[in-house]
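I opened this model to see how the chain is put together. The notes below are in the order in which I looked things up.

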Amino acid sequence: YNQSLLLGQTSAAKRLEFNDPAAQLFSFDARVFGNAFAGSTVGTGSQGPDGTSNPPPPTVYSIFTETRTGTLVFGEPAGSGVPSSTWGNPTFKGITWDDVMITTKSDASLLEARLSATGAVVDMDFELRTVDGQVVVRSATSSANEMVSAAVQPNTTYVLRVLGWANGPATYQIVSNQFLPNGSPNGNGGTVTSGGSGPLNPATTAPISGLYRFTVNPVLKKVTFSLLR
């Protein structure tokens, strides 16, 4: 689910449905992301002014950028409708899937990575994972041009997984950008400015994320959850 809300709005209820005919206790994990965006100030009323109608100033980040390349021999045929049984199997690493390790800098707060490919390729998919296998975010469009972005922890290793889908022999390229405080000594890719002049150019000001485990007890008709990380 992905939804953007204006100031003061509440997201609509979301429904997940599970088939559990034996009424067994089960659990599932879900990662929840939240971002606060700076844009134009919204307000109502006739009281005297106590602030400004100008948006917050733009945010400037220094960038640490890396480029990695690799090859995949083939992937699942498009339209097969199910994930490949070979994904994650070490025997097929570099054949139907591949992993690229990224270690964040000591002052990194965001990570953005873009996947592109050349050769006999129609489609690939792309994931950002933790080293213990948790999927942080996945990009699965109908092309080999994918992008993932998420808040990250500094001094932490993450996995960028390339998933072969509709491809023969193909070369992929990953360009990753870590967003650092402006002027960071870890930067090597210049700066980027986000936000500053209205709702069409927002700036991410408070990215947060959490991995939750939900436990469903069909007998007691009760759902509990806990924060994993």
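The entries go from the whole chain to the strand pairing, then to the core and one buried polar residue.

Entry 1, overall. I am working with a predicted model. I looked for helices and found zero, against twelve strands. Read along the sequence, the pattern is therefore β-β-β-β-β-β-β-β-β-β-β-β, counting DSSP runs. I noted 229 residues in the chain, with 31% of them buried. The accessible surface is about 13,800 Å², and carbon and sulfur atoms account for 54% of that area. I also checked how far apart in sequence the contacting residues lie. Of the contacts between residues at least 6 apart, 73% join residues at least 24 apart.

Entry 2, strand 5. I asked which strands pair with strand 5 and over how many bridges. With strand 8 the pairing is antiparallel and has 19 bridges. In that pairing I found Phe126 opposite Val162 of strand 8. Strand 7 is also antiparallel to strand 5, and six bridges join the two. Here Ala113 faces Val148 of strand 7. Strand 6, residues 135-139, pairs with strand 5 over four bridges, again in the antiparallel sense. Arg129 is set opposite Val135 of strand 6. Strands 5 and 6 make a hairpin with four residues between them. I checked the turn and found a positive phi of about 100° at Gly133.

Entry 3, strand 3. I then turned to strand 3, residues 59-72. Strand 3 runs antiparallel to strand 8, with twelve bridges between them. Thr71 has Thr171 of strand 8 opposite. Strand 3 is also joined to strand 9, residues 191-194, by four bridges in an antiparallel arrangement. The bridge partner that I listed for Thr59 is Ser194 in strand 9. Strand 8 thus appears in two of my pairing notes, once with strand 5 and once with strand 3.

Entry 4, the core. I looked up the largest nonpolar core, which has 21 residues. The residues with the most contacts inside this core are Met124, Phe126, Leu128, Leu160, Val162, Tyr172 and Ile174. At least two core residues come from each of strand 4 (97-103), strand 5 (110-130), strand 7 (146-151) and strand 8 (157-181). Strand 5 gives the most, seven residues. Phe126 and Val162, which I had noted as opposite each other, are both on the list of residues with the most contacts.

I took Leu160 as an example and listed its neighbours, leaving out residues up to four places away in sequence. Leu160 touches Asp98, Asp99, Val100, Ile102, Ala113, Phe126, Glu127, Leu128, Val148 and Ile174. Ala113 and Val148 from the pairing of strands 5 and 7 are among these neighbours.

Entry 5, Gln178. I asked whether Gln178, in strand 8, is buried or exposed. Gln178 counts as buried because its relative accessibility is 0%, and the cut-off for buried is under 20%. What does its side chain reach? The side chain of Gln178 lies 3.2 Å from the backbone oxygen of Thr103 and 2.7 Å from the backbone nitrogen of Lys105. Not counting residues up to four places away in sequence, Gln178 touches Ser62, Ile63, Phe64, Glu66, Ile102, Thr103, Thr104, Lys105, Ala108, Leu110 and Leu111. Ile102 is on this list and also on the one for Leu160.

Methods: Residues are numbered from 1 along each chain as its sequence is written. This is a predicted model: local features need pLDDT of at least 70, side-chain atom pairs count only at pLDDT 80 or more; totals for chains, interfaces and linings use all residues. Side-chain values use heavy atoms; hydrogens and water are left out. Buried means under 20% relative accessible area, exposed over 50%, partly exposed in between (1.4 Å probe, protein chains only). Contact means heavy atoms within 4.5 Å. Accessible areas come from the Shrake-Rupley method with a 1.4 Å probe; for residues, only the protein chains shown count as cover. A nonpolar core is a set of buried Ala, Val, Leu, Ile, Met, Phe, Trp, Tyr and Cys residues joined through side-chain atoms within 4.5 Å. A polar contact is a pair of N or O atoms within 3.5 Å; within protein, one must be able to donate a hydrogen and the other to accept it, and residues adjacent in sequence count only if both atoms are side-chain atoms. Two strands pair if DSSP finds at least two bridges between them.
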